[in-house]
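Here are my notes on the model you sent over. I went through the overall form before turning to the charges and the surface.

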Amino acid sequence: MSTPSQGGKEPARTPAELREQVEHTREELGQTFEALAAKADVTAQTKEKAAEIKDQAAQKAVLVTDQFRDKAAQAARLVKDKTPDPVLDKAAHAAAQVRDTAARAGRLAAEKTPDPVREKADQAATMARANRTPLLAAAAVLVLFLLLRRSRRRR
C-alpha cells in the first residue's frame, strides 16, 4: 500500500490516499467557511434575535393576559361576595325587567311597523353592513365638519 520514503522517516502515500486526504481537507475547509460565513452574516443573526425577542414578548403577553384575567375574576368574586344578597337580587330583578321591556318594545315596534317600512329598514341595514367602511368614514367626516363648524361659531 504505501512505499517507504527516501529518508526512511515516513512512508510515501499513494495517489488514492492523497486524494482522500485532499477531499477530507476540502470538507473541513467548507465547514469552516460555512461557520465563518454564519458568524459574519449579521442580517441572519439579527433576524434570529428578532424572532427570539418576538417569541419572548408573545409568551410574556400571554402570561400578563392570564394574570389580568385572574385578577379581574378575583375582583369580580370579591365584589360579589361583599355585595349584600338583597342588592344582588334587586340588580338581577332589574336586569330581567329591562330585558323583558326591551323585548316587548321590539315586538310592539315590529307589529306596528308597516311591512313596506320594515322591508326598507331591512334593506338599509343590509346595505349598511355591506358598506360599513365607507359609512364609517363618511360619519367621521361629518362629525369632524360639525365640530369645526361649532368651534368657528364660538370665536
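1. Start with the overall dimensions. The protein chain has a radius of gyration of 39 Å, whereas a compact globule of 155 residues would come out near 15 Å. The C-alpha atoms fill a box of roughly 120 × 50 × 45 Å along the principal axes. Keep in mind that this is a predicted model.

2. On secondary structure, the protein chain has 5 helices and 0 strands. Read from the N terminus, the order is simply α-α-α-α-α. Among the helices, α1 covers residues 15-40, α2 covers residues 42-82, α4 covers residues 115-130 and α5 covers residues 132-154.

3. How much of the chain is buried? Just 1% of the 155 residues count as buried. Since the cut-off for buried is under 20% relative accessible area, that is the bar the other residues fail to meet. The accessible surface comes to about 14400 Å², and carbon and sulfur atoms account for 61% of that surface.

4. Now the charges. The protein chain carries 29 positive and 21 negative charges, and the mean positions of the two sets lie 18 Å apart. On the surface, D41, E48, E52 and D55 gather in a negatively charged patch. One of these, E48, sits in helix α2 and is exposed, at 52% relative accessible area.

5. There is a nonpolar patch to look at too. L142, F145 and L146 together make a nonpolar surface patch of about 310 Å². L146 belongs to helix α5, and with 44% relative accessibility this leucine counts as partly exposed.

6. How many salt bridges does the structure hold? The count is 3. As a reminder, side chains of opposite charge can pair when their charged atoms come close. I take the pairs one by one below.

7. In helix α1, E23 and R26 are 3 residues apart, about one turn of the helix. Their side chains meet in a salt bridge, at 4.0 Å from N to O. That value is worth a second look, because the cut-off for a salt bridge is within 4 Å. E23 is partly exposed at 39% relative accessible area, while R26 is exposed at 55%.

8. Helix α2 holds the pair D66 and R69, again 3 residues apart and about one helical turn from each other. The closest N and O atoms of this salt bridge are 3.8 Å apart. Here D66 is partly exposed, with a relative accessible area of 37%, and R69 is exposed, with 54%.

9. What separates R118 and D115 along helix α4? They are 3 residues apart, so about one helical turn lies between them. The side chains of R118 and D115 form a salt bridge with an N to O distance of 3.4 Å. R118 counts as partly exposed at 33% relative accessibility, and D115 is partly exposed as well, at 49%.

10. To pull this together: the model shows 5 helices and 0 strands, with 1% of residues buried and a radius of gyration of 39 Å. The side-chain features to check on screen are the negative patch that includes E48, the nonpolar patch that includes L146, and the salt bridges E23 to R26, D66 to R69 and R118 to D115.

Key:
Residues numbered from 1 in each chain as written. Predicted model: local features only at pLDDT ≥ 70, side-chain atom pairs only at ≥ 80, totals over all residues. Heavy atoms only, no water. Helix = DSSP H or I, 4+ residues; strand = E, 2+ residues; numbered from the N terminus. Rg over C-alpha atoms; globule rule 2.2 N^0.38 Å. Buried < 20%, exposed > 50% of the residue type's maximum accessible area, 1.4 Å probe, protein only. Areas by Shrake-Rupley, 256 points an atom, 1.4 Å probe, with all protein chains shown as cover. Lys, Arg positive; Asp, Glu negative; His and termini not counted. Charge placed at Lys NZ, Arg CZ, Asp CG, Glu CD. Patch = residues over 30% accessible without salt bridge, like charges linked within 9 Å, V, L, I, M, F, W, Y side chains within 5 Å.
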